[in-house]
Every structure is written in C-alpha cells, then in structure tokens.
Amino acid sequence: MKSQWYFVAVLFFFASGANANGGIKSLLAQTPISQAHAQRLLDAVLGVGGLTTQPVLEVVDNPSYAIASVSGATPRIVVSRSYLSSMTQSALQFAFAHELAHLHLNHHSYIRRLRAENEGKLAAAPGLTDVEASRSLRSAFHAIELSADQLAMQWCVSLGCTVNDAARALSGAYGFRTSETETHPALETRIHMLRSHHETP
C-alpha cells in the first residue's frame, strides 16, 4: 500500500511540477524525443562518463521492456518508442546513463556468473533450499541495480540532471508495478537511495 501511495505521489509531483502554468496538459503535450535527438543525449552521457564503449541505440515499437542494455560483440541500448515519448531530456539521459553503467561495470557477465554459481550451489548442496538460493540471488541483483543508479547519477549531475529526473526515468520504466521483483528493488527504495546520496539535507 505504501509503495502504491508513493507512486501516485511521484506522478502527482511530476504532473504538478512539470510546468507551473501548464500542469498536466503541458506534461502530456511535450514533443516526443526523436531517435536522432535521443542519440545526441546518449552521446552526451558517453562524453561525461569518458566511456569508450559505443553502444548502438535501437528504438523499437513493441518491446517487453521500456529500456534495456544488451552486451556482446556489438553492445546495444534498446528503448521503446513509447518510453521516448514520455520522457524529458534529463530523465532520458539518466535512463541512458543507467544502462551505460551496466555495460561499463560489466554487469551482464556478472549476472550470468551469478546464475551459474547459484545453479552450482543447488546441485552441490542438497540441503540448500530454493528459497535460500533465490533470496541470495535477489540481493545480488538488487545491489547491481543500485550500483548502476549511483554511477548514472554521478555522470548525470554534470549534465544538469536531478534526482527528480532519475525518479521520472525509473517510474516510467517500472510502469504501474512499483514493488520489488527478483531482479529490481522497489521503486521507492531506489529513489530513496538516490536522494540520500545526491541531495543536500
């Protein structure tokens, strides 16, 4: 119930604060970010982070997620057209920075190793329950997301992004399900962690 209330509060904050004169109407009427514009925003984050990895930006119509990074010989950042249309420039830069942080910190390889190790533990230790193994894996996945958030915020501050921009990016990616999952902490937890590290009391 608390996380549902928080999500409503976040939405209200963005709607009321997007434009003092326009409110919700202004928020909904913003011009969608084009792929070319999105590429410029991504390039700005790459520059601030001093990153040598140059992922391909792929805009798709109907993905199963709002935005994600894909590792491999040709790293990619895949983003849905609907996500682009709902983001401000600063929010999108945080989203890009978060996915770039996953690539920069080699999180994809780490996740594959974690899954393999978890399967190995279950096979080698019959006394280890699925619940215990799942809890350990969940904690590791959550730590990965939080570390990507923190690095993304460090990069984005110099571009003028705020924690409110990050909150918008994250809430857009979560959709209406804001509670924690196996791989992601609850939206409220992530925003709280960003505020505690990047806002002056």
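## Overall architecture

In this predicted model, residues 24 or more positions apart account for 66% of the contacts in the protein that have a separation of 6 or more. The protein contains nine helices and three strands, and, read from the N terminus on, its elements follow the order α-α-α-β-β-β-α-α-α-α-α-α.

Of the 201 residues in the protein, 40% are buried. The accessible surface amounts to about 10,900 Å², and carbon and sulfur atoms hold 56% of that area.

## The three strands

Strand 3 takes part in two pairings: strand 1 runs parallel to strand 3 and is joined to it by five bridges, whereas strand 2, residues 67–70, runs antiparallel to strand 3 and is joined to it by four bridges. Val79 of strand 3 illustrates both pairings, since Val79 is the bridge partner of Val59 and also the bridge partner of Ile67. Strand 3 is mostly covered, with four of its five residues buried.

Strands 2 and 3 form a hairpin in which five residues lie between the two strands, and Gly72 in the turn has a positive phi of about 130°.

## Helix 3 and its packing against strand 1

Helix 3 comprises 15 residues, 35–49, and at 1.5 Å a residue it should span 21 Å; the C-alpha atoms at its ends are 21 Å apart, which agrees with that expectation. The buried residues of this helix are His37, Ala38, Leu41, Leu42, Val45 and Leu46. After helix 3 comes Gly50, whose phi is positive, near 65°.

Leu57, which has its place in strand 1, offers a view of how this region is arranged. Its relative accessibility is 7%, and it therefore counts as buried, the cut-off being under 20%. Leaving out residues up to four places away in sequence, Leu57 touches Gln35, Ala38, Gln39, Leu42, Ile77, Val79 and Phe96. Leu42, one of these partners, is 15 residues from Leu57 in sequence, and the two C-alpha atoms are 8.3 Å apart in space.

## The nonpolar cores

In soluble globular proteins, nonpolar side chains tend to be buried together. Here, the largest nonpolar core has 40 residues, and those with the most contacts inside it are Tyr83, Leu92, Phe94, Phe96, Leu100 and Trp155. The elements that each supply two or more residues to this core are helix 3, strand 1 (56–60), strand 3 (76–80), helix 4 (81–86), helix 5 (89–104), helix 7 (130–157), helix 8 (163–174) and helix 9 (187–198). Helix 5 gives the most to this core, with eight residues.

Leu92 shows some of these connections in detail: apart from its neighbours within four places in sequence, Leu92 is in contact with Ile33, Ala38, Leu41, Tyr83, Leu84 and Met87. Apart from the largest core lies another core, of five residues, among them Leu114, Leu137, Ala140 and Ile144.

## A buried aspartate in helix 7

Asp149 has its place in helix 7. With a relative accessible area of 1%, Asp149 falls under the 20% limit and so is classed as buried. Not counting residues up to four places away in sequence, Asp149 touches Phe94, His98, Leu170, Arg190 and Leu194. Among these, Phe94 is also listed with the residues that have the most contacts inside the largest nonpolar core.

## Two cysteines without a disulfide

A disulfide is a covalent bond between the sulfur atoms of two cysteines. The structure holds zero disulfides. The closest cysteine sulfur to that of Cys156 is in Cys161, at 4.1 Å, which is too far for a bond because a disulfide requires sulfur atoms within 2.5 Å. Cys161 is likewise in no disulfide.

Both cysteines are covered by the criterion used for burial: Cys156 is buried, with a relative accessible area of 0%, and Cys161 is buried, with a relative accessible area of 5%.

## Asn106 between helices 5 and 6

Asn106 has its place in the loop between helix 5 and helix 6, the latter covering residues 107–124. Although Asn106 is not a glycine, its phi is positive, at about 60°. The relative accessible area of Asn106 is 45%, so this residue is partly exposed, a class that lies between the limits of 20% and 50%.

Terms used. Residues are numbered from 1 along each chain as its sequence is written. This is a predicted model: local features need pLDDT of at least 70, side-chain atom pairs count only at pLDDT 80 or more; totals for chains, interfaces and linings use all residues. Side-chain values use heavy atoms; hydrogens and water are left out. The expected span of a helix is 1.5 Å times one less than its number of residues. Buried means under 20% relative accessible area, exposed over 50%, partly exposed in between (1.4 Å probe, protein chains only). A nonpolar core is a set of buried Ala, Val, Leu, Ile, Met, Phe, Trp, Tyr and Cys residues joined through side-chain atoms within 4.5 Å. Contact means heavy atoms within 4.5 Å. Accessible areas come from the Shrake-Rupley method with a 1.4 Å probe; for residues, only the protein chains shown count as cover. Two strands pair if DSSP finds at least two bridges between them.
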